[in-house]
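Trainee: I should like to go through the terms used for this model and see on what grounds each one is applied. May we begin?

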Amino acid sequence: MGDKPIWEQIGSSFIQHYYQLFDNDRTQLGAIYIDASCLTWEGQQFQGKAAIVEKLSSLPFQKIQHSITAQDHQPTPDSCIISMVVGQLKVMVLPQW
């Protein structure tokens with residue numbers, strides 16, 4: 001990994017961490033978001049750590065596995081990193097009785 005630019009190393013590490021949390025315990029994603037964070041999920045917008053974690057925790061599937069097939073990371077002029085991820089989801093929905 002040392003031969004990749006630093007923004008790719010940081011971006012790849014972040015993506016691995018984020019999706020590991022998402023797959024195993026979505027409630028732990030609160031540590032990643034701040035009150036100024038925004039999320040759009042299927043056209044619905046959520047702002048703030050609490051609203052985002054509530055949405056992610058209430059998704060109708062119990063188990064999910066992300067299979068990342070491609071990821072790209074670009075530095076921004078203000079020293080941030082934009083990451084784009086492509087992949088597949090394997091979802092297990094438990095029946096609701």
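Trainee: Why is Cys 80 called partly exposed?

Mentor: Cys 80 has a relative accessible area of 41%. Buried means under 20%, exposed over 50%, and partly exposed in between, with a 1.4 Å probe and protein chains only as cover. The value of 41% therefore makes Cys 80 partly exposed. Note that this is a predicted model, in which local features need pLDDT of at least 70 and side-chain atom pairs count only at pLDDT 80 or more, while totals for chains, interfaces and linings use all residues. Residues are numbered from 1 along each chain as its sequence is written, and side-chain values use heavy atoms, leaving out hydrogens and water.

Trainee: What makes Cys 38 exposed?

Mentor: Its relative accessible area is 58%, and the limit for exposed is over 50%. Cys 38 is therefore exposed.

Trainee: How do you know that the sulfur of Cys 38 is too far from that of Cys 80 for a bond?

Mentor: A disulfide is a covalent bond between the sulfur atoms of two cysteines. The criterion is a pair of cysteine sulfur atoms within 2.5 Å. The closest cysteine sulfur to that of Cys 38 is in Cys 80, 14 Å away, so the distance is too great for a bond. A search of the whole structure accordingly finds zero disulfides.

Trainee: Why are strands β1 and β2 said to pair?

Mentor: Strands are DSSP runs of E with at least two residues, and helices are runs of H or I with at least four, numbered from the N terminus. Two strands pair if DSSP finds at least two bridges between them. Strand β1 (residues 38-41) and strand β2 (residues 44-47) have four bridges in the antiparallel sense, so the criterion is met. Thr 40 stands opposite Gln 45 in β2.

Trainee: What lies in the turn of the hairpin formed by β1 and β2?

Mentor: Two residues separate the strands, and Glu 42 in the turn has a positive phi of about 50°. Glu 42 is exposed, with a relative accessible area of 75%.

Trainee: Which residues form the nonpolar patch on the surface?

Mentor: Ile 6, Trp 7, Ile 10 and Ile 81 form the patch, with about 340 Å² of accessible area together. Helix α1 (residues 6-24) gives the most, with three residues, and Ile 81 is in strand β4 (residues 81-92).

Trainee: Why does Ile 81 satisfy the area limit for a patch?

Mentor: Ile 81 has a relative accessible area of 31%. Patch residues need over 30% and no salt bridge (a side-chain nitrogen of Lys or Arg within 4 Å of a carboxyl oxygen of Asp or Glu). Like charges are joined within 9 Å, and nonpolar side chains (Val, Leu, Ile, Met, Phe, Trp, Tyr) within 5 Å. Accessible areas come from the Shrake-Rupley method with a 1.4 Å probe. At 31%, Ile 81 therefore satisfies the area limit.
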